[in-house]
Amino acid sequence: MTTPPPTTARSWLREHSELGVCVLLLVLGALVLTDALTMDVDITQRGPVGPKTVPVVVGAGLLVVAVLLAVDVLRGGRGEAEAGEDVDLAEPADWRTVALLTGVFLAFAVLIGPLGFPISGALLFWGSAYALGSRHYDRDPLIAAGLSLVTYFVFDNLLGVPLPGGPLMGVL
């Protein structure tokens, strides 16, 4: 009989990598609960169920799920790979796409104030399509502009959620 190789801390962490998700859920739940419990809602409270209720329930749920998942992982539970997944784990990650999408989202966050949603949203939609591999330079900007304008109209006029219009505020 051969003896099993000694387990190092690194190999133990690799075998129990789901604990990282547990830590993320735990931190997120604590953050949501802290924010909800320190919320000042005296003015908006009109009944027994106020603005704190949903964040407290969500935060507590995140904490419970984090603990239950950690217990399952420590007892030997493993996440099962999806049968229909066609990801080749031998291929390296596509960091160029990740960087492009990150840049597009950050640019959107910076530009939504000065340019408004219709223009920055069109740049977001077009930039995301480009980052994900679309190379239709004549069609994509038109689709992005149309999608951005429809989204702006639906949120601003139909749903009553005000979005910044930017320089197009008087036109739209």
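Me: How many residues does H3 have, and how far does H3 reach from its first C-alpha to its last?

Reply: Start with the rule: 1.5 Å is expected for each residue. H3 has 22 residues. The reach from its first C-alpha to its last is 32 Å, close to the expected 32 Å. Bear in mind that this is a predicted model.

Me: Which residues of H3 are buried?

Reply: Buried means under 20% relative accessible area. In H3, that covers Gly59, Leu62, Ala66, Ala70 and Val73. Look down the axis of H3: these buried residues fall within an arc of 70°, so they line one face of the helix. Now turn to the other side of H3. Val54, Val57 and Leu68 are exposed there.

Me: What do the buried residues of H3 pack against?

Reply: They pack against H2. Val56 gives a close-up, as it is found in H3, residues 53-74. It touches Leu33, Ala36 and Leu37, leaving aside residues up to four places away in sequence. Take the pair Val56 and Ala36. They are 20 residues apart in sequence, and their C-alpha atoms are 6.0 Å apart in space.

Me: Is Val56 itself buried or partly exposed?

Reply: Compare its value with the cut-off. Buried needs under 20%, exposed over 50%. Val56 has 26% relative accessibility and counts as partly exposed.

Me: What follows H3?

Reply: Gly76 does, and its phi is positive, near 110°.

Me: How does the length check work for H2?

Reply: Use 1.5 Å a residue again. H2 runs over residues 19-37, which makes 19 residues and an expected span of 27 Å. Its end C-alpha atoms are 27 Å apart, which agrees. Seen down the axis of H2, the buried residues fall within an arc of 115°, so they line one face of the helix.

Me: Which residues of H2 are buried, and which are exposed on the other side?

Reply: The buried set is Leu19, Cys22, Leu25, Gly29, Leu33 and Ala36. On the other side of H2, the exposed set is Val23, Leu24, Val27, Leu31 and Asp35. Leu33 and Ala36 should look familiar: Val56 touches both.

Me: What is the picture for H5?

Reply: Length comes before faces. H5 has 19 residues and reaches 26 Å between its first and last C-alpha, close to the 27 Å expected. Its buried residues are Asp140, Ala144, Ser148, Thr151 and Tyr152. Down the axis of H5, they fall within an arc of 100°, so they line one face of the helix. Leu142, Val150 and Leu158 are exposed on the other side of H5. Just after H5, Gly160 takes a positive phi of about 75°.

Me: What covers the buried residues of H5?

Reply: The cover includes H4. H4 spans residues 95-131, and Ser128 is found in it. Ser128 counts as buried, at 15% relative accessibility. Its contacts include Leu101 and Val104, not counting residues up to four places away in sequence.

Me: How many salt bridges does a search of the whole structure find?

Reply: Look for a side-chain nitrogen of Lys or Arg within 4 Å of a carboxyl oxygen of Asp or Glu. The search finds 1 salt bridge. Asp140 forms it with Arg139, and the closest N and O atoms are 3.8 Å apart. The two partners differ in burial class. Asp140 is buried, with a relative accessible area of 10%. Arg139 is partly exposed, at 42%.

Me: Which residues form a nonpolar patch on the surface?

Reply: Phe153, Phe155, Leu158, Leu159 and Val161 form one. Together they have about 480 Å² of accessible area. Among them, Phe153 is placed in H5, residues 140-158. Phe153 is partly exposed, with a relative accessible area of 43%.

Me: How many helices and strands are there in the protein?

Reply: Count 5 helices and 0 strands. Read along the sequence, the pattern is α-α-α-α-α. Of the 172 residues, 22% count as buried. The protein exposes about 12,700 Å², and carbon and sulfur atoms supply 70% of it.

Me: What share of the contacts comes from residues 24 or more positions apart?

Reply: Take the contacts with a separation of 6 or more. Residues 24 or more positions apart account for 57% of them.

Notes:
Residues are numbered from 1 along each chain as its sequence is written. This is a predicted model: local features need pLDDT of at least 70, side-chain atom pairs count only at pLDDT 80 or more; totals for chains, interfaces and linings use all residues. Side-chain values use heavy atoms; hydrogens and water are left out. Helices (H or I, at least four residues) and strands (E, at least two) are DSSP runs, numbered from the N terminus. The expected span of a helix is 1.5 Å times one less than its number of residues. Buried means under 20% relative accessible area, exposed over 50%, partly exposed in between (1.4 Å probe, protein chains only). The arc is that of the directions from the helix axis to the C-beta atoms. Contact means heavy atoms within 4.5 Å. Accessible areas come from the Shrake-Rupley method with a 1.4 Å probe; for residues, only the protein chains shown count as cover. Patches are made of residues with over 30% relative accessible area and no salt bridge: like charges are joined within 9 Å, nonpolar side chains (Val, Leu, Ile, Met, Phe, Trp, Tyr) within 5 Å.
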